[in-house]
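Trainee: Could we go through the aromatic contacts and the metal site of this structure together, one question at a time?
Mentor: Yes, please put the questions, and I will reason each one through.

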Amino acid sequence: MTKFVYAFSEGSRDMKKLLGGKGSNLAEMVKIGLPVPPGFTVSTEACRTYDEQGQKLTEEIKTELAEAVRRLEKDTGKRIGDTKSPLFVSVRSGAVFSMPGMMDTVLNLGMNDDTARALAEQTGEPRFALDSYRRFLQMFGDVVLGVETERFERELERFRAQRGYTSDPELTADDWKTVISVYKKLIEHHTGSPFPQDPNVQLQLSVEAVFQSWNNERAAVYRRMHGIPHSLGTAVTVQSMVFGNLGDTSGTGVAFTRNPSNGKKELYGEYLINAQGEDVVAGIRTPQPIRTLHEAMPDVYDSFVRVTDKLEHHYRDMQDIEFTIEDGTLYILQTRNGKRTSQAALQIAVDMVEEGVLTKEEALLRVDADQLHQLLHRRISGDNNLQALAKGLPASPGAASGRMVFSADEAESWAEAGEKVILVRPETTPDDIHGIISAEAVLTTRGGMTSHAAVVARGMGKTCICGCEAADVDIKAETMTIDGTMLKKGDVLTLDGGTGEVFSGSLQMEEPEMSPTFQLLLGWADSTRRMNVRANADNGADAAKAVEFGAEGIGLCRTEHMFMDPARIPVVRRMILADSKRKREEALAELLPMQRQDFEEIFEAMEGRPVTIRLLDPPLHEFLPDKEELLIEVTTLELTGDAPEKLAEKKQLLDAVKHLEEANPMLGHRGCRLGMTHPEIYAMQAEAIFLAAGQVHAKPEIMVPLVSHVNELKAVKAVIEREAERVQRETGVHVDYTIGTMIEVPRAALTAAAIAEEADFFSFGTNDLTQTTFGFSRDDAEGKFLRQYVDQETLEYNPFVRLDEEGVGRLVEIGAHDGRSVKPELKLGICGEHGGNAKSIHFCETKQLDYVSCSPFRVPAARLAAAQAAIMHQAEKEVQPS
Ligand code: PEP
Ligand code: MG
């Protein structure tokens, strides 16, 4: 038979799944002899059963609950509802993963007219007893009976006003008696029944209310945000009350064993004398810093310090502890691993190794790799309690302030004039690149985490918020309206790319640094990981940044970003618009030295580390101006008729744009398909690579994009090899190189064995592979439906952020396996955005890829994640020997 209720003495910290975090930790504290008021826990299993039974407590649960109460009565020598020695309990939620403040709590349960009188007699403090009773009525009324707490507050305010009181301590015992009868009437009026005096009924109803609070809106939102499964359910902890409001020798507080903000080893917290737990949370009175307890109650303080040391050593982690002092005696009500900032997490992990508490491997696992980037970006300083104007997707972290502009050209000209600007667009296109470069940050109202703005900004380490749909941008009027508030060009905004929040005005910032502690931890990571970590970088400066952050090579150099340079766009356009092979070759010849210089700069910055260069990937029309804008220009020129040459030029451009236009450009004439129809472009790029590599003695890895059939790779390879031979012949310099391909469409993964025959390496382009596997547009899906899919749990997570292991991952697995089956030495990597995501990196480790590649700013996090993956994968293998 299933057991639903466990006394603290029956549990341990290993039973978290069943008893919740709170229940299991209370049990553990009892086990190690700490002063914990006795109690029991109703399990998560009971919560699930309650839900399955249509929100009803089964007879088994009710019986076990009653038995547990009897046992508790025996342990405490008190009885629930007794008129001489009454037992009072607290009823609290306790989920498996901590969800602070999300669910409900009832204190002082067991209070009724008789027990309040008994408590008054027992303590000789009638005022205290009645104050506790009215608190219970209010909490029970709110949490269990659905009478909002504000209604009780209003009644209390009214009463205070009648009597001319300004604060609660002025109320006498008789006053509280009157308030209690007002509260009881309020409950009866709103629920249609009198307040239940029977403590057993109170208890059952409270347990049910906590179970129900698992499904309240804020708890559900919190779970969605933190990826906690809805199916887990919450446990309920019932614990005999200790009263912190029993006069000036009592109190209650919360403390962390280390500073949760910077990780410093010091007790950090606060307490209130003569108060109950909710007073600290409610912020009605200002709590005292914990160190002042040393003067107020030296003995209690000393025992508290001893307890905190013991807890930290026992759990081998920083603890967040709730305590109550009842008439000079200390009780511990809860302990859990404390939540902390990334900076604190790092400091604590490293300090604990130095203190001999943790091994280096354990310390590496203690730091959340996905949060680590917070340490490498400028951030808004201090506790910012400002209200955000709107929230979009946190596409690229960091924080920035600047004046709003609505066009890339204006971003550039304002920046040249020394203004800090934020580029605001519905979405960005490659045409906007100069604006992105000039801006402090980018805000778009459409597009997701892999939209153009997001990828480009991340690559540059520039703050970016995408898909901020609450903002209505009118490009023509140069305004942005959020919730009826209209902002115009030149108004100042601050963006927090780490949270996606948009603020009005300029906020104070903190500069990032790679601290010695950070370097130390990453050093441990480097000696632990198996996979290499490379960076996606397209120019010398980014490459140098990548090396500074510890990149061991470049996994993806997107050569189109070099074509986008405003100085080069006219040449690129001439190349695209050429009406003869000769003219095209002339334009390409002009591009050649520029490309060569780009590659030389990158090779030099990488100092012999491997560099993978991808040949041109996007459709050519991306290098041409926007059709709508051109149409307007042509029409205007036709109307005025005073610039015939310009009109002819614009018309030619418009014709080209129309000619190159595609219904579905993402599935269109791009990637190696471009190289198949315009081999001269790839030939020029290959020549530039070989000339640069010959100059600086680099060994380039040339990568062909979007291959779906081995014959495409064969054809492009022939062009590259021809160029290699020619350059060698002409320069007399031999260049060692390899040729590989991206695997970014399902057919490539499924025919990996054939493709591997022709390739030296595979790099999984998981952005396109996700797009083509799901059939979801990487530019539109998030704004249109993907966010809803994640919110409603149709999908567990956004597959453009974390690799979809079942689908896309399966293709990666097939590609890796089949490729290696014909060529064991085939080098395998990943270069989509997933290469910087910890869970995806773990997946890559399980498939034994050789490297991951991500934006330079994500390299440190990837180094840590790769080390964590290696440790965890090793442990998994030991549990399940193959
Ligand atoms: C990819 O598709 O995963 C990739 C890295 O290429 P891009 O993002 O440039 O299409
Ligand atoms: Mg791609």
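**Rings, charges and a metal site**

Mentor: At 12% relative accessibility, phenylalanine 776 counts as buried, and bear in mind throughout that this is a predicted model.

Trainee: What is the geometry of the pair formed by the rings of phenylalanine 776 and tyrosine 789?
Mentor: A pair of aromatic rings is described by the distance of the centres and the angle of the planes. For phenylalanine 776 and tyrosine 789 the centres are 6.2 Å apart and the planes stand at 80°. Planes over 60 degrees apart fall into one class, and therefore this pair is edge-to-face.

Trainee: How many residues apart in sequence are the parts that this pair ties together?
Mentor: Phenylalanine 776 lies in the loop between helix H30 (766–774) and helix H31 (781–791), while tyrosine 789 belongs to helix H31 itself. The pair therefore ties together parts whose separation in sequence is 13 residues.

Trainee: Is tyrosine 789 buried, partly exposed or exposed?
Mentor: Buried would require a relative accessible area under 20%, and exposed one over 50%. Tyrosine 789 has a relative accessibility of 28%, so the residue counts as partly exposed.

Trainee: How many aromatic pairs does a search of the whole structure find, and how are the rings of phenylalanine 128 and phenylalanine 243 arranged?
Mentor: The search of the whole structure finds 18 aromatic pairs. The rings of phenylalanine 128 and phenylalanine 243 have centres 5.2 Å apart and planes at 85°, so their arrangement is edge-to-face.

Trainee: Where do phenylalanine 128 and phenylalanine 243 lie, and how far apart in sequence are the parts they tie together?
Mentor: Phenylalanine 128 is buried at a relative accessible area of 5%, and phenylalanine 243 is buried at 6%. Phenylalanine 128 is in helix H5 (residues 126–143), whereas phenylalanine 243 is in the loop between strand S7 (234–240) and strand S8 (251–256), so the parts tied together are apart in sequence by 115 residues.

Trainee: Which residue lies over the face of tyrosine 797?
Mentor: The distance from the ring centre of tyrosine 797 is 3.9 Å, and the residue over its face is arginine 802.

Trainee: Which residues are the protein donors of the magnesium ion (ligand 2)?
Mentor: The donor atoms, OE and OD, lie 2.0 to 2.2 Å from the ion, and they belong to Glu744 and Asp768. The pair links distant parts of the chain, 24 residues apart: glutamate 744 is in the loop between strand S30 (738–743) and helix H28 (746–750), and aspartate 768 is in helix H30. Glutamate 744 is buried at 2% relative accessible area, and aspartate 768 is buried at 3%, so the donors asked for are Glu744 and Asp768.

Key: Residues numbered from 1 in each chain as written. Chains lettered and ligands numbered in written order. Predicted model: local features only at pLDDT ≥ 70, side-chain atom pairs only at ≥ 80, totals over all residues. Heavy atoms only, no water. Phe/Tyr/Trp six-rings, centres within 6.5 Å; stacked < 30°, edge-to-face > 60°. Helix = DSSP H or I, 4+ residues; strand = E, 2+ residues; numbered from the N terminus. Buried < 20%, exposed > 50% of the residue type's maximum accessible area, 1.4 Å probe, protein only. Lys NZ or Arg CZ within 6 Å of the ring centre and 35° of its normal. Donors = N, O, S within 2.8 Å, 3.2 Å for Na, K, Ca; no water.
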